Amino acid sequence: MSQLQAKPGVEKINLYEGGLATLKGASNVVKLSSNENPLGPSQLAIEAFRNSAFNLHLYPSADHSALRITIGKIFQLSAENIICGVGSDEILSFICQAYAGPGDEVIHTEHGFALYRICTLAAGATPIEVTEKDRVTDVPAILNACTQRTKIIFIANPNNPTGTMISLEEITFLADNIPSHILLVLDGAYVDYIEDYDGGAKLVETRTNVLMTRTFSKLYGLGGMRVGWGYGPKNVVDNLNRIRGPFNLSGPALAAAEAAVQDQHYIGKCRSENNLLRSWLAKALAECGIVSDNSMGNFILARFRNQEEAEACDEFFKSKGIIVRRVSSYKLPQCLRISVGDRDACERVAHAVKQFKAGKA
Ligand SMILES: Cc1ncc(COP(=O)(O)O)c(C=O)c1O
């Protein structure tokens with residue numbers, strides 16, 4: 001008798017490791033392991049969420065039209081080309097399910113976001129890892145890796161966990177030079193931290209094979225609500241909608257996201273505060289001999305002398321109630337990813353690093 005077996009690829013998936021959320025026995029813990037907005041969402045989003053409690057007996061909108069239209073107005077995009085998902089994670093998964101299967105290849109970069117590999121294997125396709133150049137996406141290397149079997153290229157710009165990004169010119173060059181049977185996905189989870197950058201929306205509008213993803217989990221402070229969106233050519237978005245569960249987003253999630261995106265004044269304040277504290281923290285770390293690349297997101301990838309020192313610092317952080325993210329699963333064992341917290345959290349990190357270095361150097 002044949003045995004029950006998962007599809008090929010499924011057992012190759014290493015479970016996604018989320019950032020630690022608690023420390024046993026520690027009080028006054030600060031969580032800097034999941035790139036959340038320390039200031040939380042807009043008050044308008046909280047209010048909309050509260051009000052949605054009166055409609056819990058109703059099914060939510062199946063076409064998300066109110067949220068899509070609002071996103072469209074704020075970012076000057078066509079609502080028809082927008083799809084909403086349970087986090088941008090779900091959009092990434094739809095993309096793999098719709099466009100890649102057994103025998104197909106899906107490209108991601110060396111230190112690219114873990115979900116690309118997971119979604120690729122779940123769809124039965126083969127992940128192809130392309131090297132980066134000093135922790136930065138390498139466009140010529142990606143072009144070299146493209147074959148007849150390549151169906152999707154995933155690029156996070158800025159990337160997590162490196163925080164680095166490539167220019168719009170480089171992205172455009174990539175889009176111009178890939179074969180038209182490949183879908184280029186520009187993951188814009190951290191685009192909102194960059195003022196006056198559209199995340200590649202114009203490229204989407206002028207190509208048949210480019211799609212951008214965005215999220216409410218980072219700058220918008222709604223990681224717990226699970227709302228993300230994609231912007232792509234109509235036929236691609238239609239295909240993703242065909243495999244989307246009709247009620248994938250709950251009423252409270254839709255209401256909170258719709259209110260959050262309208263409060264651009266608050267978003268601007270969060271962006272400025274993050275970017276200011278990010279520079280301050282990077283400088284404080286550098287003064288202790290811990291270098292980092294210029295991060296464009298809400299985190300810093302701190303580089304230590306070696307893995308041993310990174311792990312020792314992580315243990316020291318924990319002893320001080322500070323949770324950061326180890327990134328050895330991203331092939332960066334000598335690094336720790338530290339989310340930019342509020343001012344107090346950044347000061348605690350800087351102080352702890354100073355103490356750590358003073359004790360160890
Ligand atoms: C690069 C990148 N893409 C996508 C996501 C997924 O975010 P969400 O599913 O919360 O929208 C994350 C989350 O950390 C990320 O870092």
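I take a polar contact to be a pair of N or O atoms within 3.5 Å; within protein, one must be able to donate a hydrogen and the other to accept it, and residues adjacent in sequence count only if both atoms are side-chain atoms.

I note that this is a predicted model, in which local features need pLDDT of at least 70, side-chain atom pairs count only at pLDDT 80 or more, and totals for chains, interfaces and linings use all residues. Residues are numbered from 1 along each chain as its sequence is written, and side-chain values use heavy atoms, with hydrogens and water left out.

**Ligand**

I started with R226, where a polar side-chain atom lies 2.7 Å from an oxygen atom of the ligand. For S217, I found a polar side-chain atom 2.6 Å from a ligand oxygen. D89 uses its backbone: a polar atom there is 3.0 Å from an oxygen atom of the ligand. The ligand taken alone exposes 400 Å², and the protein buries 94% of that (Shrake-Rupley method, 1.4 Å probe).

Next I listed the shell, meaning residues with a heavy atom within 4 Å of the ligand. It has 13 residues, and S88, N160, D187, T215 and S217 are the closest. By class I get 4 nonpolar, 5 polar and 4 charged residues. Here Ala, Val, Leu, Ile, Met, Phe, Trp, Tyr, Cys and Pro count as nonpolar, Asp, Glu, Lys and Arg as charged, and the others, Gly among them, as polar. Helix α3 gives the most to this shell, with 3 residues.

**Helices α3 and α8**

I then looked at how α3 (residues 87-99) sits against α8 (residues 234-243); helices are DSSP runs of H or I with at least four residues, strands are E runs of at least two, and both are numbered from the N terminus. The axes, lines fitted to C-alpha atoms over the stretch in contact, come within 9 Å and cross at roughly 100°, on a scale from 0 to 180 degrees between N-to-C directions. The two helices are therefore roughly perpendicular (65 to 115 degrees). With contact meaning heavy atoms within 4.5 Å, I91, F94, I95, Q97, A98 and Y99 of α3 meet N235, V236, N239, L240 and I243 of α8. I count 8 nonpolar, 3 polar and no charged residues there.

**Backbone**

I found a cis peptide bond between N157 and P158, with omega about 5°. Another joins N160 and P161, with omega about 15°. P158 is in the loop between β5 (150-156) and α6 (168-177).

How values were computed: Angles under 35 degrees count as roughly parallel, over 145 as roughly antiparallel, 65 to 115 as roughly perpendicular and the rest as oblique.
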